[in-house]
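Work through the exercises below with the sequence and the model open. Try each task before reading its solution.

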Amino acid sequence: MQELIKNLLVELGEDPNREGLLNTPKRVAKAYEFLTSGYRADIDQVLNNALFTVDYSEMVIVKDIDFYSLCEHHLLPFFGKCHVAYIPSNKVIGLSKIPRLVDVFARRLQVQERLTNQIADTIRDTIKPLGVAVVIEATHLCMAMRGVEKQNSFAVTSAMVGAFRDQGRTRMEFLELIKLRSIVPGLQHHQAGLACIGED
Ligand code: ZN
């Protein structure tokens with residue numbers, strides 16, 4: 001990877017041998033390794049020691065989970081907050097594992113919709129809850145920094161499964177708890193305001 005970064009610096013019109021750039025290929029390689037470490041993480045290993053059987057069927061919410069990801073179209077960051085909720089049927093996930101799960105999927109090349117769905121699908125498949133909801137609010141630097149359609153650099157995506165999809169009241173309760181009421185009228189299943197998709 002370091003050789004590629006060195007070549008990239010040359011292509012950008014830089015001198016990779018000047019002092020400030022000497023260690024850049026090494027640093028960039030290390031940074032990318034970390035930012036894509038989700039490819040090498042084992043979801044089962046992350047979750048398996050933290051699944052508990054319970055007699056509890058109220059909504060579990062973990063909100064305002066900070067995340068940082070890379071858009072797969074431009075390899076530029078998108079980042080923001082992720083809110084996760086589920087209604088257990090008989091199993092719960094240790095609360096600290098939810099942010100960890102978000103990180104596993106965020107530390108890959110992503111689009112916001114897929115990141116949202118992967119988190120919801122994993123929780124659905126792992127503990128078979130009565131419902132799962134994931135909402136992600138993110139700023140996309142590929143939009144903001146390039147000066148194109150700045151108004152679309154912020155996007156909200158959601159994945160609603162089971163009770164959150166079928167029962168308006170459950171969905172509203174969740175959205176009210178994460179204080180997204182202002183966008184509720186436009187919020188639908190998998191709806192997204194992303195402009196980076198299909199863009200060059
Ligand atoms: Zn992008």
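**Overview**

The chain's secondary structure amounts to eight helices and seven strands. The model is predicted. Of its 200 residues, 28% count as buried. Among contacts between residues at least 6 apart in sequence, 73% join residues at least 24 apart.

**Exercise 1. Lay out the sheet and explain its edges.**

Step 1. Write down the strand order. The open sheet has five strands, ordered β5-β2-β3-β6-β7, and its pairing is mixed.

Step 2. Find the ends. β5 (109-110) and β7 (154-162) are the edge strands; each has a single partner strand, so one side of each lacks a neighbour in the sheet.

Step 3. Check the pairing at β5. β2 (residues 60-71) and β5 run parallel and are joined by two bridges. Leu70 stands opposite Leu109 of β5.

**Exercise 2. Place helix α4 and list what its buried residues pack against.**

Step 1. Locate the helix. α4 covers residues 97-106 and lies across β2, β3 (77-87) and β5. Its angle to β2 is about 20°.

Step 2. Pick out the buried residues of α4. They are Ile98, Leu101, Val102, Val104, Phe105 and Ala106.

Step 3. Recall the helical repeat. An α-helix has 3.6 residues a turn, so residues three or four places apart point the same way.

Step 4. Name the partners. The buried residues of α4 pack against α3 (43-48), β2, β3, β4 (91-93), β5 and α5.

**Exercise 3. Trace the largest nonpolar core through Val102.**

Step 1. Identify the best-connected members. The core holds 37 residues, and Val102, Ile119, Val132, Ala133 and Val134 touch the most other members.

Step 2. List the contributing elements. Two or more residues each come from β2, β3, α4, α5 (112-127), β6 (131-140), β7, α7 (163-166) and α8 (168-177).

Step 3. Follow Val102 outward. Beyond its neighbours within four places in sequence, Val102 is in contact with Ile65, Phe67, Cys82 and Ile119.

**Exercise 4. Is Val62 buried, partly exposed or exposed?**

Step 1. Place the residue. Val62 belongs to strand β2.

Step 2. Count and compare. Val62 has 18 other C-beta atoms within 10 Å. Buried requires 20 or more, and exposed requires 12 or fewer. Val62 is therefore partly exposed.

Step 3. Look at its surroundings. Leaving aside neighbours within four places in sequence, Val62 is in contact with Val84, Leu95 and Ile98. Ile98 is one of the buried residues of α4.

Step 4. Set sequence against space. Val62 and Ala85 are 23 residues apart in sequence, with their C-alpha atoms 6.3 Å apart.

Note on methods: Residues are numbered from 1 along each chain as its sequence is written. This is a predicted model: local features need pLDDT of at least 70, side-chain atom pairs count only at pLDDT 80 or more; totals for chains, interfaces and linings use all residues. Two strands pair if DSSP finds at least two bridges between them. Helices (H or I, at least four residues) and strands (E, at least two) are DSSP runs, numbered from the N terminus. Two residues are in contact if their C-beta atoms, placed from the backbone, lie within 7 Å. Axes are lines fitted to C-alpha atoms, for helices over the stretch in contact, and angles run from 0 to 180 degrees between N-to-C directions. A nonpolar core is a set of buried Ala, Val, Leu, Ile, Met, Phe, Trp, Tyr and Cys residues joined through C-beta atoms within 7 Å.
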